[in-house]
Amino acid sequence: MTAAPEAGWAAGLGDSLRAPGPGVRGAPTKARSSRRPHRPRTGGVASTQTPPSAPDRAEAIMEQCACVERELDKVLHKFLTYGQHCEQSLEELLHYVGQLRAELASAALQGTPLSATLSLVMSQCCRKIKDTVQKLASDHKDIHSSVSRVGKAIDRNFDSEICGVVSDAVWDSREKQQQILQMAIVEHLYQQGMLSVAEELCQESTLNVDLDFKQPFLELNRILEALHEQDLGPALEWAVSHRQRLLELNSSLEFKLHRLYFIRLLAGGPEKQLEALSYARHFQPFARLHQREIQVMMGSLVYLRLGLEKSPYCHLLDNSHWAEICETFTRDACSLLGLSVESPLSVSFASGCVALPVLMNIKAVIEQRQCTGVWSHKDELPIEIELGMKCWYHSVFACPILRQQTSDSNPPIKLLCGHVISRDALNKLINGGKLKCPYCPMEQNPADGKRIIF
């Protein structure tokens, strides 16, 4: 990370876009006020103009996508219409040719010479085949203009070259980039349950994926497929085997699975009443935390002979419980296994859609102001980009002195007076073995500073 860019660059950039400063804004920074939700951000530059908010940028991007989608819908409609017309024309032609062939075969069997009428019919048939083929080819050629309009819509609404937004020197080698991208795509495919596609990509790209990496995805997808088939067995087996770790996460997954299994028994009618009562013993470990829900389920047994569908407990038979259990299992299993619920590739793509317009804007400013070397670090953007609440994952602290995010190698340090700065800033402020707080007159020993972990 680097310190804030020089004043000349800040003034120039301020004419074109606003770049909020990093970290804790304002004057003295206390430890108690340093914690805030994380948002992907950068060392910043001050300016005066307010850029479009993230929702506004997202709305503009969605409108651009909608323009392309409308053109694409027109092409798809033409393809569908053409396909139906082509199929109908060919079927009529085949039927006509089949009838003519039958007449010719009949004449050949009788040994009679070809009559003038059949010769005329054959000529008409050849002409009809030729006209049909020409008509289909002409209709197909008309689709080309619609396809080209899709390309023009893409060029009109999106920048045709986004690779030049950053210098190649910012990233790793091209081979490393390709490997990282392929790995992200494979992980996304595994997470979405497209296992065969992921395996095919690994083979074609010669990407070596460790079995330990694939195993959690394979297991989760196997269980989710069973849940979609309303088979609770694999999920219950998994939850029981991970019971202790799930309890540490305050997860109610195992109870919800037992609850859904009990509801399935209730749906079986009076014939399943004894089995349901016997299965209710599984609720005993959860009685303290889920007493009310257990009481509701046991109360439903009273209406079992009359029909649960017309009872006050009919909500228990709602199919939404299956969608809910799939979401709960995915969330808790991913948390337990250290996996993200959302695909990292999907999150990165969505964030890029918001960030790219801003980065393209700043690229134009950099070229216009001829400010070389402003953006040359891999872990930092030249401005802060607001991605919205969905991308707030954890807390960060940015040093108010050096205006850069702290990290493991440069952690936040709390001084005796309560103000917090980065370790690099602390080292720069040491003078004669003493440290004077940059925000208050208190002089102290640098060794008295304590590292803070948010």
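This briefing walks through the overall make-up of the protein and then three of its salt bridges. Keep in mind that the model is predicted. The protein has 454 residues, and 37% of them are buried. As for secondary structure, the protein contains 14 helices and 6 strands. The salt-bridge count comes to 8, and the pairs picked out below include one within a helix and one that links distant parts of the chain.

**Fold and surface**

- Helices number 14 in this protein, alongside 6 strands.
- Take the contacts between residues at least 6 apart in sequence: 67% of these join residues at least 24 apart.
- The protein's accessible surface is about 27,700 Å², and carbon and sulfur atoms account for 55% of that.
- Buried residues make up 37% of the total of 454.

**Glutamate 71 and lysine 74: a pair inside one helix**

- Glutamate 71 and lysine 74 make a salt bridge, with 3.9 Å between the closest N and O atoms.
- Both residues sit in helix H2, which covers residues 54-110. They are 3 residues apart, or about one turn of the helix.
- Which side of the pair is buried? That's glutamate 71, at a relative accessible area of 16%; it counts as buried because the cut-off is under 20%.
- Lysine 74, on the other hand, is partly exposed, with a relative accessible area of 49%. It isn't classed as exposed because that label needs a value over 50%.

**Lysine 256 and glutamate 324: a link between helices**

- Lysine 256 pairs up with glutamate 324 in a salt bridge whose closest N and O atoms are 3.7 Å apart.
- This pair ties together distant parts of the chain, as the two residues are 68 residues apart. Lysine 256 belongs to helix H9 (residues 253-267), while glutamate 324 belongs to helix H12 (residues 320-337).
- Lysine 256 is partly exposed, its relative accessible area being 23%.
- Glutamate 324 is partly exposed too, with a value of 35%.

**Lysine 272 and glutamate 275**

- How far apart are the closest N and O atoms in the salt bridge between glutamate 275 and lysine 272? They lie 3.5 Å apart.
- Glutamate 275 counts as partly exposed, at 38% relative accessibility.
- Lysine 272 comes in at 33% relative accessibility, so this residue is partly exposed as well.

Conventions:
Residues are numbered from 1 along each chain as its sequence is written. This is a predicted model: local features need pLDDT of at least 70, side-chain atom pairs count only at pLDDT 80 or more; totals for chains, interfaces and linings use all residues. Side-chain values use heavy atoms; hydrogens and water are left out. Helices (H or I, at least four residues) and strands (E, at least two) are DSSP runs, numbered from the N terminus. Buried means under 20% relative accessible area, exposed over 50%, partly exposed in between (1.4 Å probe, protein chains only). Contact means heavy atoms within 4.5 Å. Accessible areas come from the Shrake-Rupley method with a 1.4 Å probe; for residues, only the protein chains shown count as cover. A salt bridge is a side-chain nitrogen of Lys or Arg within 4 Å of a carboxyl oxygen of Asp or Glu.
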